[in-house]
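Hello,

Here is the structure I promised to pass on. Please open it alongside this message; my notes follow below.

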Amino acid sequence: GDTSAATENTLIIDGRVHKLADVRFDYDSGSFMKPWRMRSDRIDVTFTPFLERTAKTNLLLIRSEVDQLFGRYSGSAVDDLGKEIAFEAIPGWAEEHHARW
């Protein structure tokens with residue numbers, strides 16, 4: 001989508017949402033199961049997938065293709081107060097989604 005006015009990028013730490021600037025995603029779209037790297041002004045993490053789910057829908061006017069990966073995050077982040085937090089093997093997901101409607 002258009003992220004020129006806002007992004008969905010946040011950290012949630014102990015139930016508190018910490019807003020992030022744009023996050024740069026580095027990954028191989030030809031091989032989603034390779035590790036992904038995600039970086040911004042306050043995060044530097046590696047996402048290592050262990051499971052891929054793919055879904056495709058094509059109804060001419062409505063089309064969707066999603067590659068959803070489940071894996072583990074390791075790296076570090078800085079919260080709103082400037083505290084750096086290191087973490088290892090936190091379960092989560094990442095996806096690449098193309099849609100038209």
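Start with Gln68 and Glu95: their side chains make a polar contact at 3.4 Å. This is a predicted model, so please read every value here as computed. Gln68 is found in strand S6. Is Gln68 buried or exposed? Its relative accessibility is 16%. Gln68 counts as buried because the cut-off is under 20%. Leaving out residues up to four places away in sequence, Gln68 touches Leu51, Glu52, Arg53, Trp93, Ala94 and Glu95.

Now the overall build. The protein has seven strands and zero helices. Along the sequence, the pattern reads β-β-β-β-β-β-β. The C-alpha atoms fill a box of roughly 50 × 35 × 25 Å, taken along the principal axes. The protein has 101 residues, and 28% of them count as buried. Take the contacts between residues at least 6 apart in sequence: 38% of these join residues at least 24 apart.

Next, the core. The largest nonpolar core has 13 residues. Trp36, Met38, Ile43, Phe47, Tyr73 and Ala94 have the most contacts inside it. Three strands each supply at least two residues of this core: S4 (36-39), S5 (43-58) and S6 (63-78). Which residues does Phe47 touch, not counting those up to four places away in sequence? On one side of the numbering, the list has Pro35, Trp36 and Met38. It goes on with Leu69, Phe70, Gly71, Arg72 and Tyr73. Gly92, Trp93 and Ala94 complete it.

Then the pocket. The largest pocket holds about 1,400 Å³ of space. Its lining counts 32 residues. Asn9, Thr10, Phe25, Tyr73 and Trp93 lie nearest the centre of the pocket. Tyr73 is thus a name to look for twice, since it is also listed among the core residues with the most contacts. Which strand gives the most to the lining? S7 does, with ten residues. Strands S1 (10-13), S4, S5, S6 and S7 (84-100) each supply at least two lining residues.

On to the charged pairs. How many salt bridges does a search of the whole structure find? The search finds six. These are the ones to look at:

- Arg39 and Asp26 meet through their side chains, at 2.7 Å from N to O. The pair links distant parts of the chain, with Arg39 in strand S4 and Asp26 in strand S3 (residues 24-26), 13 residues apart. Arg39 is partly exposed at 27% relative accessible area. Asp26 is partly exposed at 28%.
- Asp28 forms a salt bridge with Lys34, with the closest N and O atoms 3.3 Å apart. Asp28 counts as partly exposed at 29% relative accessibility. Lys34 has 43% and also counts as partly exposed.
- Asp44 pairs with Arg37 in a salt bridge, with the closest N and O atoms 2.8 Å apart. Asp44 is partly exposed, with a relative accessible area of 32%. Arg37 is partly exposed too, at 33% relative accessibility.
- Arg16, Arg42 and Asp80 are joined into one network by salt bridges that share partners.

Last, two backbone points to check. Leu60 is not a glycine, yet it has a positive phi of about 65 degrees. Where does Leu60 lie? Leu60 lies in the loop between S5 and S6. Its relative accessibility is 69%. Leu60 counts as exposed because that value is over 50%. Ala89 also has a positive phi in a residue other than glycine, near 55 degrees. Ala89 is found in strand S7. At 35% relative accessibility, Ala89 counts as partly exposed.

Best wishes

Key
Residues numbered from 1 in each chain as written. Predicted model: local features only at pLDDT ≥ 70, side-chain atom pairs only at ≥ 80, totals over all residues. Heavy atoms only, no water. Core = buried A, V, L, I, M, F, W, Y, C linked by side-chain atoms within 4.5 Å. Buried < 20%, exposed > 50% of the residue type's maximum accessible area, 1.4 Å probe, protein only. Helix = DSSP H or I, 4+ residues; strand = E, 2+ residues; numbered from the N terminus. Contact = heavy atoms within 4.5 Å. Salt bridge = Lys/Arg side-chain N within 4 Å of Asp/Glu carboxyl O. Polar contact = N/O pair within 3.5 Å; in protein donor to acceptor, adjacent residues only side chain to side chain. 1 Å grid on protein atoms, 1.4 Å probe; cavity = no way out; pocket = protein on both sides within 12 Å on 5 of 7 lines; lining within 4 Å. Points joined across faces, edges and corners; volume = space filled by probe spheres on them.
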